[in-house]
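I opened this notebook page to keep track of what I looked up in the structure, entry by entry. The strands, the charged pairs and one loop residue are on my list.

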Amino acid sequence: MNNYESAGNEFTNNVHDYVVIGSGFGGGVSAMRLSQKGYKVLVLERGKRYSAEDFPKTNWHVSKYLWLPAARCFGIMGLNFFDDIWILNGSGVGGGSLVYASTHIKPSKEFFEAQEWQKLADWEAELAPHFETANRMLGVAENPLYWPADHALHDIAEELGKEETFKPTPVAIFFGEPGEVVSDPFFDGEGPERAGCIHCGGCMVGCRHNAKNTLDKNYLYFAEKWGAEIRAEANVLDIRPLYGPQPDNARYEVVYEHITDWFMKRKQVVRTRNVVVAGGVLGTVDLLLKCRDESGSLPKLSRRLGLRVRSNSEALIGVTARETAQDFSEGVAITSHFWVDEVTSVEPVRFPPGSSFMRTLMLPLESLKGKTTLAHFGHALWEGLKRPFDLLTVRVLPKWPEKNTVLLVMQTLDNRMSLRRGRSLWTLGFKGLVTHRDPDQPIPTVIETGRAILNRFADKVNGVPWVGMNELMNKPNTAHVLGGCGIGGNETEGVVDVNQQVFNYPGLYVADASVIPVNLGVNPSLTITAMTERAMAHIPQKVDAPPLEPLQKPEGLELVQRKDGRFLQKALPFIFALLPLSLLFLFKTFKRK
């Protein structure tokens with residue numbers, strides 16, 4: 001019996017119809033629709049459960065804001081550093097909805113006609129009703145108010161002859177009377193109470209005022225109401241097929257650990273007839289790569305896994321005003337957008353007062369004029385000496401959120417990378433997820449069209465344009481990573497079929513941004529929701545479902561069981577996390593001597 005086998009029939013009464021891994025947009029939709037159809041559903045979420053009052057007051061409360069388990073930080077925002085890119089993502093019951101800007105824009109026609117999947121279906125026609133459902137379920141409404149950043153961006157759009165493309169954002173926020181609590185306004189009183197938005201700018205730190213329509217207030221709310229169980233702090237390690245007939249008709253075992261445990265983390269196993277993997281691109285691709293290449297539990301996964309990963313061709317840049325004549329922190333997180341050209345969109349993004357943590361990753365644009373990382377550092381130092389006030393404005397001076405606007409630049413142009421398991425400086429030498437830049441269509445570090453808008457915006461608000469320190473190392477950044485589990489006609493073309501079921505593994509599905517086949521040029525949450533609605537619509541009601549066929553062991557397949565790592569291997573990440581503190585202690589000790 002291996003490490004995770006159950007003895008006898010002890011799990012017979014506890015088998016689930018579906019285990020959903022992750023509780024973001026794909027996981028939330030899956031959990032609700034499957035529960036609605038009568039299935040017994042378990043959701044496993046690595047992050048913690050947050051209510052409105054649990055969110056950090058500012059993003060300087062790093063233990064609640066950052067997701068960094070090795071440092072005992074279990075917050076809602078993940079900062080992921082790779083050799084080729086820096087990626088932001090969400091964590092917690094509700095996934096990215098807890099920390100995203102609530103912006104829901106339908107992609108252009110190019111998305112539906114993307115070469116990677118065009119021949120497989122009439123995607124525009126098939127997804128149209130599901131986009132409508134997604135907007136209704138998420139409570140999407142048009143942002144009602146413009147603020148200083150919007151007026152500046154509107155002037156730029158007008159100057160460029162693009163005024164007709166300038167629009168208020170459709171956002172998943174309840175715009176009632178500011179601060180006034182009302183009974184559920186979205187689902188005929190069947191949902192939770194809500195409060196009117198006060199336009200505080202806090203959407204991306206976690207809405208403490210119950211106005212933002214996070215998934216725990218719609219999809220996950222009804223999933224639990226209809227019987228789904230959600231287990232937070234459950235980090236999935238493996239998905240193991242169960243070949244041949246089982247007494248409880250289970251077809252998979254899902255192994256997970258209690259991620260908030262210290263060192264020797266408790267492990268549990270659940271048995272299920274079907275699995276939906278919805279851990280976001282980084283979580284899903286990493287888990288499936290481990291299952292294929294390391295634990296050996298899913299060796300028949302497509303060789304396309306991890307390929308054609310995209311960044312939404314994105315850049316996060318911005319401007320910090322030199323004066324406080326206007327307050328740029330007011331409003332919802334993203335209030336407007338416009339198309340600079342046929343392939344490039346721009347949105348103004350804000351943080352609430354006190355939430356200036358992200359400025360630690362920024363430098364004035366003028367600092368970056370070198371061609372190498374070393375040259376960038378040297379020039380940054382020189383520019384800091386020449387223009388100390390600009391450097392202090394971006395990095396140090398108070399009221400940064402009130403003076404700052406992030407510009408989110410996105411494109412539909414195709415560029416890509418791949419994800420695989422390996423070792424790098426960022427994995428501290430351990431086996432982990434690493435990136436590989438595409439040699440023919442690499443993701444660009446600089447989007448020149450966005451830079452032009454950045455400089456125009458800075459002129460209008462008397463501000464200092466800045467860029468992320470990722471550009472110091474010639475790396476792009478993104479908050480919307482896409483792809484890696486592409487839809488295809490067969491396993492040589494993709495990882496999943498048109499209904500998002502994994503090739504070679506009946507009952508195993510993928511439902512998140514990893515199935516999106518192109519750069520959208522807009523925020524992807526609405527598209528993920530609509531695509532998952534479509535995938536779940538193809539699963540029948542439980543009472544109408546045909547009997548499940550047991551999984552058949554592929555001929556010649558030898559299963560290899562991997563043993564757990566030793567104690568030292570598990571402790572080393574914590575040791576590395578404490579290393580900077582140890583060095584600081586030694587430095588102060590020798591300094592006193």
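Entry 1, a loop residue and its contacts. I asked which residues L361 touches once its neighbours within four places in sequence are left aside, and I found L79, W86, R395, V467, G468 and M469 in contact with L361. I noted that the model is a predicted one, and I keep that in mind for every entry below. L361 sits in the loop between β19 (344–349) and β20 (362–364). I looked up whether L361 is buried or exposed, and at 21% relative accessibility L361 counts as partly exposed, because buried would require a value under 20%. I also took the separation of the C-alpha atoms of L361 and T412, which are 51 residues apart along the chain, and read 26 Å.

Entry 2, the hairpin and its further partner. I followed L79 and W86 from the contact list into the strands β5 (residues 77–81) and β6 (residues 86–90), which pair in the antiparallel sense over 5 bridges. The two strands β5 and β6 form a hairpin, with 4 residues between them. Within this pairing I noted that G78 stands opposite N89 in β6. I then looked for a further partner of β6 and found strand β25 (residues 477–478), with which β6 pairs in the parallel sense over 2 bridges; here I87 stands opposite T478.

Entry 3, the open sheet. In what order do the 7 strands of the open sheet run? I read β8-β18-β19-β21-β17-β24-β20, with antiparallel pairing. The strands β8 (167–168) and β20 stand at the edges with a single partner strand each, so one side of each has no neighbour in the sheet. I looked more carefully at β17 (residues 315–321) and β21 (residues 404–411), which pair in the antiparallel sense over 6 bridges, and I recorded T405 in β21 as the bridge partner of V319. Helix α5 lies across β18 (336–339), β19 and β21, and α5 runs at about 15° to β18.

Entry 4, salt bridges. I remind myself that side chains of opposite charge can pair when their charged atoms come close. How many salt bridges does the count come to? The count comes to 33 salt bridges. From α5 I went on to E159, which forms a salt bridge with R456, the closest N and O atoms being 2.9 Å apart. E159 lies in helix α5 (residues 148–159) and R456 in helix α11 (residues 448–461), so this pair ties together parts that are 297 residues apart in sequence. Both ends count as partly exposed, E159 at 46% relative accessibility and R456 at 34%.

I next looked up K217, which forms a salt bridge with D216, with 3.5 Å between the closest N and O atoms. K217 is buried, with a relative accessible area of 11%, whereas D216 is partly exposed, with a relative accessible area of 22%. The side chains of D261 and R266 meet in a salt bridge at 2.8 Å, N to O, and D261 is buried, with a relative accessible area of 13%. To close the entry, I recorded a network of salt bridges that links E116, R308, R310, D414 and R416.

How values were computed. Residues numbered from 1 in each chain as written. Predicted model: local features only at pLDDT ≥ 70, side-chain atom pairs only at ≥ 80, totals over all residues. Heavy atoms only, no water. Buried < 20%, exposed > 50% of the residue type's maximum accessible area, 1.4 Å probe, protein only. Contact = heavy atoms within 4.5 Å. Pairing = 2+ DSSP bridges. Axes fitted to C-alpha atoms, helices over the stretch in contact; angles between N-to-C directions.
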